[in-house]
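Thank you for sending this model for comment. My remarks are set out below as numbered points, for reading beside the sequence and the structure.

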Amino acid sequence: MEIEVVSVSGLKSLGKIHVKEDATIRDVKETIHKSVKKSLYPDRQSIKLEAKGRSLKDEATLKSLNIDSNVKLYLQDLGPQVSWKNVFLAEYAGPLFVYLWVYQRPWLLYETDSAPSSVATIAAICWSVHYGKRILETLFVHRFSHGTMPLRNLFKNCSYYWLFTLYIAYHINHPLFTAPCNMCVYVGLAGFTICELGNLSIHILLKNLRPPGTKVRRIPKPDGNPFSILFNYVSCPNYTYEFGSWLFFTIMTKCAPAGIFAVVGLYQMSVWALGKHRNYKKEFPDYPKGRKAILPFIL
């Protein structure tokens, strides 16, 4: 079957490609890469039925979309791409190294040789555990439904994490930092530890829901692990635990920049959670009606 491919930019025809009738959109992208424009590797392409329409999913077949030789496919160049795994590694490695660099009180930031306080040391350990965990999860736990993202977004994402890290670490490791009461430290450390374990447990549960190499989606439910009980109340307990970690980190350090980081993170994760919550309800008719998106009984 011959199909004409038209570029969204300028609406110029790029020629015709030969594909099988039962080919998938991914097969179409591979064919375009090989026979039309070699610089447009599949992850850089967006295929549409209309110039301003929605991108077609890779797994959709031409037959299911009623596409024949009389239909034109519109191609959009998404620009240079980077894998999500590499994005996550860059996002999380930066905060780990930046925080530990500031913890050493470099002369570029402080005019002192004194050692950080005990609370600052505990905070550095907690910070390192969190981002060390995130790196290990990226390498061994996470399964990405989307392979890549635009390279330009990498700099935006890294700037958010790296600059917030510098902002927080500068205050906590400052010679004038005043530690909170012991009770705040104990409560904050305990809460942080519980939330980190909860976050890890949810990520492992979500990994086990999706068989390797597939995009299968199922309704996430508690699996016997006490940390997974939160699924009875929210759709995205991993975000709930993530916010909890930074809330308790703020209590432990009494650091305003850490609190700002927690609130900004809650806002962004709420946007993501509400989107996933809507998708769950749309995809699964029997989805539990009592669940909220991220905050039990609230949001």
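The points that follow begin with the overall architecture and then turn to individual contacts.

1. Status of the model and overall layout. The model is predicted, and the remarks below should be read with that in view. The chain contains seven helices and six strands. Read from the N terminus, these elements follow the order β-β-α-β-β-β-α-α-β-α-α-α-α. The C-alpha trace spans about 75 × 50 × 30 Å along its principal axes. Of the 299 residues in the chain, 43% are buried.

2. Salt bridges within helix α1. There are nine salt bridges in the structure. One of them joins E30 to R26, with 3.8 Å between the closest N and O atoms. That value lies inside the cut-off, because a salt bridge requires the nitrogen to be within 4 Å of a carboxyl oxygen. Both residues belong to helix α1, where they are four residues apart, or about one turn of the helix. E30 is partly exposed at 27% relative accessibility, and R26 is likewise partly exposed with a relative accessible area of 27%.

3. From helix α1 to the following loop. R26 also meets the side chain of D43 in a salt bridge, at 3.2 Å from N to O. This pair links distant parts of the chain, since R26 lies in helix α1 and D43 in the loop between α1 and β3 (45-48), 17 residues apart. D43 has a relative accessibility of 31% and therefore counts as partly exposed.

4. The contact made by K29. Which residue does the side chain of K29 meet in a salt bridge? The partner is D58, at 2.8 Å from N to O. K29 lies in helix α1 and D58 in the loop between β3 and β4 (72-77), so this salt bridge ties together parts that are 29 residues apart in sequence. K29 is buried, because its relative accessible area of 7% falls under the 20% limit. Taken as a group, R26, K29, E30, D43 and D58 are joined into one network by salt bridges that share partners.

5. A negative surface patch. E21, D22, D27 and D68 form a negative patch on the surface. Of these residues, D27 is placed in helix α1 (residues 25-35). D27 has a relative accessibility of 35% and so counts as partly exposed. Helix α1 thus carries D27 of the patch as well as the pair E30 and R26.

6. Aromatic contact between helices α4 and α7. A search of the whole structure gives 25 aromatic pairs. Among them is the tilted pair of F164 and F261, with 5.0 Å from centre to centre and 55 degrees between the planes. F164 is in helix α4 (residues 151-172) and F261 in helix α7 (residues 256-283), so the contact ties together parts that are 97 residues apart in sequence. Are these two rings on buried or exposed residues? F164 counts as buried at 14% relative accessibility, and F261 counts as buried at 5%.

7. Aromatic contact between helices α5 and α6. The ring centres of F192 and F249 are 6.2 Å apart and the planes stand at 50 degrees, so this pair is also tilted. Distant parts of the chain are linked here too: F192 is in helix α5 (residues 182-209) and F249 in helix α6 (residues 237-253), 57 residues apart. F192 is buried, with a relative accessible area of 3%. F249 is buried as well, its relative accessible area being 0%.

8. The position of W272. W272 is located in helix α7, the helix that also holds F261. Whereas F261 is buried, W272 is partly exposed, with a relative accessible area of 42%. The C-alpha atoms of W272 and Y239 are 9.0 Å apart in space, while the two residues are 33 residues apart in sequence.

Terms used
Residues are numbered from 1 along each chain as its sequence is written. This is a predicted model: local features need pLDDT of at least 70, side-chain atom pairs count only at pLDDT 80 or more; totals for chains, interfaces and linings use all residues. Side-chain values use heavy atoms; hydrogens and water are left out. Rings of Phe, Tyr and Trp (its six-membered ring) pair if their centres lie within 6.5 Å; planes under 30 degrees apart count as stacked, over 60 as edge-to-face and the rest as tilted. Helices (H or I, at least four residues) and strands (E, at least two) are DSSP runs, numbered from the N terminus. Buried means under 20% relative accessible area, exposed over 50%, partly exposed in between (1.4 Å probe, protein chains only). Patches are made of residues with over 30% relative accessible area and no salt bridge: like charges are joined within 9 Å, nonpolar side chains (Val, Leu, Ile, Met, Phe, Trp, Tyr) within 5 Å. Accessible areas come from the Shrake-Rupley method with a 1.4 Å probe; for residues, only the protein chains shown count as cover. Lys and Arg count as positive and Asp and Glu as negative; His and the chain ends are not counted. The place of a charge is taken as NZ of Lys, CZ of Arg, CG of Asp or CD of Glu.
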